[in-house]
Amino acid sequence: MASLNKVILIGRLGKDPEITSFDNGNKKITATLATSERYRDRDQNWVEQTDWHNIVVWGNLANDIADGRRNYSKGDLMYVEGKLRTRQYTDQQGVVRYVTEVIADKMMQMAPARPAQQSSYGQPYSPATEPAPTGYTPQANTLDEGNDLPF
């Protein structure tokens, strides 16, 4: 049976990408990407849920970013496509930890960060202060009383 491991994310960079160079000339880029969704809870209050994703880039794409041919920085709205990979490691206290990363094979900037991270209303940028997109109609939360999962 065939399987598919494909991830597509659109979100904002949480910090400038970090570059690691290896002795053999290979480069690795790491970044964090925040994706957010807004919805109304049972009491019709707006709730924003933000998830953070670890992004790892190798190969030609990593070289382009490291060499400045692609200039990404904190706050940029990004399109990232790749696959999920979970790895384990042992921390300094000897505890086995797991981390899930998106191994990106496509990454492009959709919009640069706002100047000084200002919103259009002159307030510091926060996804929670963003108005809902035009034409957006939130769906009522249809959760069962005994089930607090949205799916």
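Trainee: In what order do the elements of the chain run from the N terminus on?

Mentor: In this predicted model, the elements of the chain follow the order β-β-β-β-α-β-β, starting from the N terminus. Counted up, the secondary structure of the chain amounts to 1 helix and 6 strands.

Trainee: And how much of the chain counts as buried?

Mentor: The chain has 151 residues, and 25% of them count as buried. As for contacts along the chain, if you take those between residues at least 6 apart in sequence, 58% join residues at least 24 apart.

Trainee: Where does β1 sit, then, and which strands is it joined to?

Mentor: Strand β1 is largely enclosed by the rest of the structure, because 5 of its 7 residues are buried. It is joined to β5 by 6 bridges, with the two strands running antiparallel, and within that pairing G11 stands opposite M78 in β5. Strand β1 also pairs with β3 in the antiparallel sense, over 2 bridges, and there L13 has L33 of β3 as its bridge partner.

Trainee: What about β2 and β3, how do those pair?

Mentor: β2 and β3 pair in the antiparallel sense over 4 bridges, and one place to look is E18, whose bridge partner in β3 is T30. The two strands form a hairpin with 5 residues between them, and in the turn G25 has a positive phi of about 95°.

Trainee: Switching to the inside: which residues have the most contacts within the largest nonpolar core?

Mentor: That core has 17 residues, and those with the most contacts inside it are I55, V57, V80 and M107. The elements that give two or more residues to it are β1 (7-13), β3 (27-40), β4 (46-57), α1 (59-66), β5 (77-90) and β6 (96-111). As background, nonpolar side chains tend to be buried together in soluble globular proteins.

Trainee: Take V80, then. What does it touch?

Mentor: Leaving aside residues up to four places away in sequence, V80 touches V7, I8, L9, L33, I55, V102, A104, K106 and M107. I55 and M107 will be familiar, as they are among the residues with the most contacts inside the core.

Trainee: Now the helix. Which residues of α1 are buried?

Mentor: The buried residues of α1 are L61, A62, D64 and I65. They lie on the same side of α1, because they cover an arc of only 160° around the axis. What covers these buried residues includes β3, β4 and β6.

Trainee: Why does D64 count as buried?

Mentor: D64, which lies in helix α1, counts as buried because its relative accessibility is 19%, and the cut-off for buried is under 20%. Not counting residues up to four places away in sequence, D64 touches R69 and R70. While you are looking at that end of the helix, notice that G68, just after α1, takes a positive phi of about 85°.

Trainee: How many aromatic pairs does the count come to?

Mentor: The count comes to 1 aromatic pair. It is formed by F22 and W58, and the pair is stacked, because the ring centres are 5.9 Å apart and the planes are at 20°, where planes under 30 degrees apart count as stacked. The pair links distant parts of the chain, with F22 in the loop between β2 (18-21) and β3 and W58 in the loop between β4 and α1, 36 residues apart.

Trainee: How exposed are F22 and W58?

Mentor: F22 is partly exposed, with a relative accessible area of 36%, and W58 is likewise partly exposed, with a relative accessible area of 41%.

Trainee: There's another Trp, W46. What sits over its ring?

Mentor: The charged end of R38 sits over the ring of W46, at 4.3 Å from the centre of that ring.

Trainee: Last one, A111. Where is it found, and what does it touch?

Mentor: A111 is found in strand β6, and it counts as partly exposed because its relative accessibility is 25%. Its contacts are with D76 and L77, if residues up to four places away in sequence are not counted. A111 and M78 are 33 residues apart in sequence, yet the C-alpha to C-alpha distance between them is 7.2 Å. You have already met M78, as it is the residue of β5 that G11 stands opposite.

Notes: Residues numbered from 1 in each chain as written. Predicted model: local features only at pLDDT ≥ 70, side-chain atom pairs only at ≥ 80, totals over all residues. Heavy atoms only, no water. Core = buried A, V, L, I, M, F, W, Y, C linked by side-chain atoms within 4.5 Å. Buried < 20%, exposed > 50% of the residue type's maximum accessible area, 1.4 Å probe, protein only. Contact = heavy atoms within 4.5 Å. Phe/Tyr/Trp six-rings, centres within 6.5 Å; stacked < 30°, edge-to-face > 60°. Lys NZ or Arg CZ within 6 Å of the ring centre and 35° of its normal. Pairing = 2+ DSSP bridges. Arc of directions from axis to C-beta.
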